[in-house]
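Visitor: I would enjoy a close look at one part of this model, with its surroundings explained step by step. Could you take me through it?

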Amino acid sequence: MDGPLTILGIESSCDDTAAAILHQPIVGDAEILASVVHGQTDLHAPFGGVVPEIAARAHAEKVDLCVEEALLAANVSLKDVDAIAVTAGPGLIGGVISGVMCAKGLSASLGIPLIGVNHLAGHALTPRLTDQVAFPYLMLLVSGGHCQFLIAHGPENFTRLGGTIDDAPGEAFDKTARLLGMPQPGGPAVQAEATKGDPKRFRFPRPLLDRPGCDMSFSGLKTALLRQRDAIIAEKGGLPVQDRADMCAGFQAAIVDVLAEKTRRALDIYLAETPSEPLLAVAGGVAANTAIRAELETVCADKGVTFTAPPLALCTDNAAMIAYAGLERYHTGARDGMDLSARPRWPLDQTAPALLGSGKKGAKA
């Protein structure tokens, strides 16, 4: 299609059901006409984390309503849509299936192209949607389920420099909040509590800083916090408010230090390729953490690299990023059929060794 293009995006990989409408004119950048997100925080709050079965049921109930709301907000109808992009993985399989089946039904009934999108590519390509950045750029994808350094060479060409070998930072934040009796999602709760605490009182470990490379580990950090919590409770018969704040501050400081040092190493590798416009982009829910963002900006300033991060609404899971990633694939000629599969695992860099091991369904990350 050489004319203007309107694309519907659908996202349902975890605990946010989302739909968005993007429009790209013949000349000019893609515009977000509507972006609708239905979260599931209240559904999962009693369980202290996302329950896959509950998430899948909620997606099945909400995905068509999200599409309807997005069309209404964008003031377009289904007959105006030229293509459909949908998250086909990785993610909680029940939710991914809900989105894929909805997209297949719409594609078949409307007779328009279907484009399966890697959820991680949605995050990784968001800077091109928001800031029109040029390839190649370095991406730090840091969220509840993922943490990776990627060099983005093209819409479907990514080189992974390193990532977490266990818990992602967002997962570590959530588990820390749970250990300290704080609400979910844990990231905002821990960050708010950390502002009241002393980050130097408790010196938590900085895993893997003594080893070369860009891989990270946050599981041991969470265990160290658990032991410190138990020691305080044993000594004082409970967890005083100030102790909890100091623990949050110390935990966050450890995360910041690890991400900053690993970012320096990833930037050195990236800069060796002598990009004409060196840039670090950060996306994912943890990118909203102000302490992490401030330290990464400092690292970039020291290296002479531009720093960018999408607006918060586009850092967390959303369908606008899926629509845009689909748009990029569309222009490469990519199309999917009714045999498009929902995938629980789908690494962006297919050539890199698995960070978390492999199973019958392929590499986990």
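Guide: Happily; what follows is a walk around helix α6 and then outward to some other places in this predicted model.

Let us begin with the helix itself. Helix α6 covers residues 186-194, and it packs against helix α8, residues 241-271, with the two axes 7 Å apart and at an angle of about 110 degrees. Since an angle from 65 to 115 degrees counts as roughly perpendicular, α6 is roughly perpendicular to α8. The crossing of α6 past α8 is left-handed.

Which residues make the contact between α6 and α8? From α6 come Val190, Gln191, Glu193 and Ala194. On the α8 side they meet Val241, Arg244, Ala245, Cys248, Ala249, Phe251 and Gln252. Sorted by character, the residues of this contact of α6 with α8 are seven nonpolar, two polar and two charged.

Now consider burial. The buried residues of α6 are Gly186, Ala189, Val190, Gln191, Glu193 and Ala194. The cover over these buried residues of α6 includes α8, along with α5 (169-179) and α9 (290-303).

Just ahead of α6 there is a feature of the backbone to look at. Gln184 and Pro185 are joined by a cis peptide bond, with omega about 0 degrees. Pro185 belongs to the loop between α5 and α6. As background, most peptide bonds are trans, and most residues other than glycine have a negative phi. A cis peptide bond also joins Phe135 and Pro136, where omega is about -5 degrees. Pro136 sits in the loop between α4 and β6 (137-142).

On the other side of α6, follow the chain into the loop between α6 and α7, where Asp198 is found. Asp198 is partly exposed, because its relative accessibility is 38%. Leaving aside residues up to four places away in sequence, Asp198 touches Asp246, Ala249 and Gly250. Ala249 also appears among the α8 residues that meet α6. For a sense of distance, the C-alpha atoms of Asp198 and Cys300 lie 26 Å apart, with their positions 102 residues apart in sequence.

The loop between α6 and α7 also holds Leu208. Leu208 is not a glycine, yet its phi is positive, about 70 degrees. Is Leu208 buried or exposed? With a relative accessible area of 13%, Leu208 is buried. Thr274 offers another positive phi in a residue that is not a glycine, at about 50 degrees. Thr274 lies in the loop between α8 and β9 (279-283), and at 65% relative accessibility Thr274 counts as exposed.

Carrying on along the chain brings us to helix α7, residues 219-236, which includes Glu235. Glu235 is exposed, because its relative accessibility is 65%. The C-alpha atoms of Glu235 and Glu31 are separated by 57 Å, and the two residues are 204 apart along the chain.

Charged pairs come next. Side chains of opposite charge can pair when their charged atoms come close. Lys236 forms a salt bridge with Asp243, with 2.7 Å between the closest N and O atoms. Lys236 is partly exposed at 45% relative accessibility, whereas Asp243 is buried, with a relative accessible area of 3%. Elsewhere, salt bridges with shared partners link Asp167, Glu171, Lys175 and Lys222 into one network. The count of salt bridges comes to 18.

One more helix pair makes a good companion to α6 and α8. Helix α4 (residues 119-131) and helix α11 (residues 320-331) cross at roughly 85 degrees, their axes coming within 8 Å. That angle makes α4 roughly perpendicular to α11. Their contact includes Arg128 from α4 and Glu328 from α11. Counted by character, the residues of the contact of α4 with α11 are eight nonpolar, four polar and two charged. The side chains of Glu328 and Arg128 meet in a salt bridge, at 2.6 Å from N to O. This pair ties together distant parts of the chain, since Glu328 in helix α11 and Arg128 in helix α4 are 200 residues apart. Glu328 is buried, with a relative accessible area of 11%.

Note on methods. Residues are numbered from 1 along each chain as its sequence is written. This is a predicted model: local features need pLDDT of at least 70, side-chain atom pairs count only at pLDDT 80 or more; totals for chains, interfaces and linings use all residues. Side-chain values use heavy atoms; hydrogens and water are left out. Axes are lines fitted to C-alpha atoms, for helices over the stretch in contact, and angles run from 0 to 180 degrees between N-to-C directions. Helices (H or I, at least four residues) and strands (E, at least two) are DSSP runs, numbered from the N terminus. Angles under 35 degrees count as roughly parallel, over 145 as roughly antiparallel, 65 to 115 as roughly perpendicular and the rest as oblique. A crossing is left-handed if the near helix is turned anticlockwise from the far one by less than a right angle, and right-handed if clockwise. Contact means heavy atoms within 4.5 Å. Ala, Val, Leu, Ile, Met, Phe, Trp, Tyr, Cys and Pro count as nonpolar, Asp, Glu, Lys and Arg as charged, and the others, Gly among them, as polar. Buried means under 20% relative accessible area, exposed over 50%, partly exposed in between (1.4 Å probe, protein chains only). A salt bridge is a side-chain nitrogen of Lys or Arg within 4 Å of a carboxyl oxygen of Asp or Glu.
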